[in-house]
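Got the viewer open? Let's take a short walk through this one, one selection at a time.

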Amino acid sequence: MSYLPFVLAAWIFLVGIFGIVRSRHFIHLVVCLSLTQSSTYVLLLSIGYVKHGGAPIFKDVPLGTKAVDPVVQALTLTDIVVSVTVAALLLALAIQAKKHAKTMNPDELRPVRG
Amino acid sequence: MDVLVPLPVAIPLLTAAALTAFGYWCGRRLDDLIAIVATAATLVISLLLVFRSNDHDLVYWFGGWKPSNGVALGISFTVDPGVAAVATLVATLALAALVFSWRYFDEVGTLFPVLMLVFVGAMCGFALAGDLFNLFVWFELMSVVAYALTGYGVEHAGPLEGAINFAVTNSVGSFCILFGIGFLYARTGALNLAQIVAFTLLVGGFMTKAGAVPFHFWLSDAYAVAPVPVCILLAGVMSDLGLHAIARIYWTVFSGTLSAGDIRPVLIGFGLVTAIVGGFMCFLQRDLKRMLAFATISNIGAVLVGIALLTRSGLASSIVYLNTNGLLRGAAFVAVGILVRRFKSGDELDLRGRGRRAPIAGVVFAAAGLGLALLPPFGPFLANALVVDSADTLGYGWVPPVLALAAVLSAGTILRAAARIFGGLGEAKDPLFSHEPEESQEEPTDTRRVSQPLLWIPAAALALVGLGLVFVPELAGHALRNAGRLVDRSAHAREVLHGVPPSPAPAPSYSPSAAAYAYSVASTLGALAFAAFGLYRRRLPIVLRRAAARVADRPVAGLKALHSGVVGDYVAWLTAGIAVLGGVVAVVVR
């Protein structure tokens with residue numbers, strides 16, 4: 001198995017974290033968070049990958065047919081659902097921030113400190 | 001297979017679904033009542049599970065997918081008394097929160113009870129989950145609902161910021177957990193390295209949820225702005241669930257490959273730093289909710305130290321600690337809620353002396369403070385005694401004094417606030433405190449009068465149960481026996497996967513040592529003295545104060561500046577924390 005997918009996942013993760021740390025706009029922040037999350041898809045799918053394996057549907061196929069691992073695929077699907085939920089929630093909060101606090105900059109919206 | 005096992009999750013979730021569908025036609029009061037009844041049912045069933053699982057674990061395989069030849073294909077709930085006790089804690093706090101929140105919110109009808117029910121179901125599911133996939137799904141559900149509940153008061157800037165910081169930081173933490181699960185599942189070639197990476201990411205991710213230093217920054221922001229009924233659940237149990245997961249994962253997954261002697265100092269280090277930093281920041285607060293948030297962090301550190309001892313006693317202590325502290329912190333939050341409802345303020349200096357008109361809140365608040373100060377013979381004392389005795393035998397005799405100091409800092413601050421608000425003691429101004437937020441962040445939106453017992457009964461009940469739990473016969477013995485079952489990894493695996501019941505063992509008897517009493521008496525007296533110091537600090541001789549200012553001013557300013565409220569900084573600290581954790585683990589395991 002190649003190490004390339006792991007390197008790629010780590011790279012996407014770190015780029016996303018860098019974006020979050022440097023973010024000056026809520027929309028940008030949410031996109032960076034989604035980007036970071038996509039690194040987990042790459043990791044999970046590469047873990048379950050089997051060379052020349054088909055889709056994990058075991059109907060009308062002979063016993064012992066190669067297939068990719070369905071467990072991590074299920075986990076990835078769950079992960080995508082979570083990602084959409086969190087993104088939707090954060091965007092809703094961002095709209096409220098624009099409405100009530102009149103700012104989209106995390107640096108300016110900080111009444112609690114110290 | 002026990003039919004009761006899935007019910008603590010199923011009842012709240014199904015009720016939430018039904019309320020979402022039909023709640024609109026039921027009317028507000030009926031919705032609230034249905035939510036309360038469902039939570040009470042969850043409480044009863046969780047309590048039944050504590051007793052039913054006393055002799056052997058209850059394992060529930062979803063869809064009847066039982067393991068064949070020791071290989072588990074399905075997902076499961078695995079219940080032992082410790083796990084069921086956590087579910088009971090969730091339901092108890094939720095019940096108190098729902099009763100307290102009667103007529104708290106005016107707008108948006110059924111949303112609040114529905115969210116609370118989903119939160120309860122998700123936390124119970126997280127506590128009962130028997131495998132990592134299950135655990136992750138419940139973790140995510142619990143997190144997302146918690147973000148939504150924190151940001152419930154969206155018309156203010158405070159809850160918005162708190163919820164955003166909470167959501168972003170915890171999402172990054174959950175990615176780490178997912179990476180960790182992936183590495184464990186993959187079992188790639190370099191086994192040892194993969195284990196270290198997986199351990200680091202899982203522990204770091206769950207520490208983010210728990211709020212251990214340096215992963216804690218989001219916690220004080222979120223808990224300070226969430227509505228009081230939500231805080232009761234967040235501070236009472238959600239933080240501790242992260243640590244609960246760390247303990248279970250270490251003993252079921254890693255105890256075979258990463259030896260306890262290697263990992264112990266690392267986790268103890270994180271726990272002690274958390275306990276002290278939390279206690280110190282607690283002292284600097286004047287906003288009561290933010291003060292209790294930092295007290296939560298300090299408590300989390302103490303629970304983490306119990307788990308970090310990686311012994312049977314340590315694990316048993318963490319279960320006792322988590323339950324009693326959770327109840328006491330919940331009670332303190334209800335008391336703060338009473339103040340907020342009555343005086344429209346949650347600020348220590350602002351409320352000075354005004355609390356005399358709410359004596360029951362005062363008694364509850366002070367009782368919670370004394371309990372957290374390890375006053376013997378109450379619950380936190382018992383947990384601390386288990387830690388003291390275990391640490392002594394391991395050669396970590398220097399750990400208990402540090403823990404006692406942390407209890408002095410956090411509980412002393414709570415007692416200080418109690419004396420100032422309910423006794424009118426102390427000075428009216430203190431320049432050391434963090435500034436008061438500009439706008440008042442949260443008030444009940446439904447301004448009609450609510451009958452007083454609905455407010456003080458939850459507070460008094462939580463405080464009484466929290467303090468009285470220790471008088472359950474042989475509590476320590478049962479906790480020790482139950483911890484022993486989880487610690488024996490191969491027997492635990494045999495039981496869950498093959499259905500071999502554990503060999504029946506009587507609950508060992510336990511009585512705290514003299515050293516444990518000495519530490520607890522010292523920390524109680526210390527907390528009282530520290531409270532007096534907080535109140536009358538400026539009456540000390542000028543020489544002493546100047547010397548103290550020279551030593552403490554810069555660290556205090558630095559610590560305050562670190563809690564900047566900017567989410568980017570928090571994520572940077574999280575990344576640094578994980579890097580440090582991973583580096584240290586890699587060094588000690590080598």
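Here is the route: confidence, then the interface, then some helices in chain B.

Keep in mind that this is a predicted model. The predictor gives the complex an ipTM of 0.93 and a pTM of 0.93. Colour chain B by confidence: its mean pLDDT is 88, with 96% of its residues at 70 or more.

Next, select the contact between the chains. Chain A puts in 35 residues and chain B 43. On the chain A side, look at α1 (4-22), α2 (26-48) and α3 (70-101), each of which supplies at least two of the residues touching chain B. The largest share, 14 residues, comes from α3(A). Colour that side by class and you get 21 nonpolar, nine polar and five charged residues.

Now hide chain A and show α3 (81-100) and α12 (312-343) of chain B. Their axes come within 10 Å and cross at roughly 5°. That angle is under 35 degrees, so α3(B) and α12(B) are roughly parallel. Turn on side chains where they meet: α3(B) brings residues including B:Leu89, B:Leu93 and B:Phe100, while α12(B) offers, among them, B:Ile319, B:Gly326, B:Gly330 and B:Gly337. By class, this contact has nine nonpolar and five polar residues, and no charged ones.

Last stop: select 567-589 of chain B, which is helix α21. How far do its 23 residues reach from first C-alpha to last? The span is 33 Å, close to the 33 Å expected at 1.5 Å a residue. Among the buried residues of α21(B), pick out B:Tyr570, B:Leu574, B:Ile578, B:Leu581 and B:Val585.

How values were computed: Residues are numbered from 1 along each chain as its sequence is written. Chains are lettered from A and ligands numbered from 1 in the order in which they are written. This is a predicted model: local features need pLDDT of at least 70, side-chain atom pairs count only at pLDDT 80 or more; totals for chains, interfaces and linings use all residues. pLDDT is the predictor's confidence in each residue, from 0 to 100. Two residues are in contact if their C-beta atoms, placed from the backbone, lie within 7 Å. Helices (H or I, at least four residues) and strands (E, at least two) are DSSP runs, numbered from the N terminus. Ala, Val, Leu, Ile, Met, Phe, Trp, Tyr, Cys and Pro count as nonpolar, Asp, Glu, Lys and Arg as charged, and the others, Gly among them, as polar. The expected span of a helix is 1.5 Å times one less than its number of residues. A residue is buried if 20 or more other C-beta atoms lie within 10 Å of its own, exposed if 12 or fewer, and partly exposed in between; C-beta atoms are placed from the backbone. Axes are lines fitted to C-alpha atoms, for helices over the stretch in contact, and angles run from 0 to 180 degrees between N-to-C directions. Angles under 35 degrees count as roughly parallel, over 145 as roughly antiparallel, 65 to 115 as roughly perpendicular and the rest as oblique.
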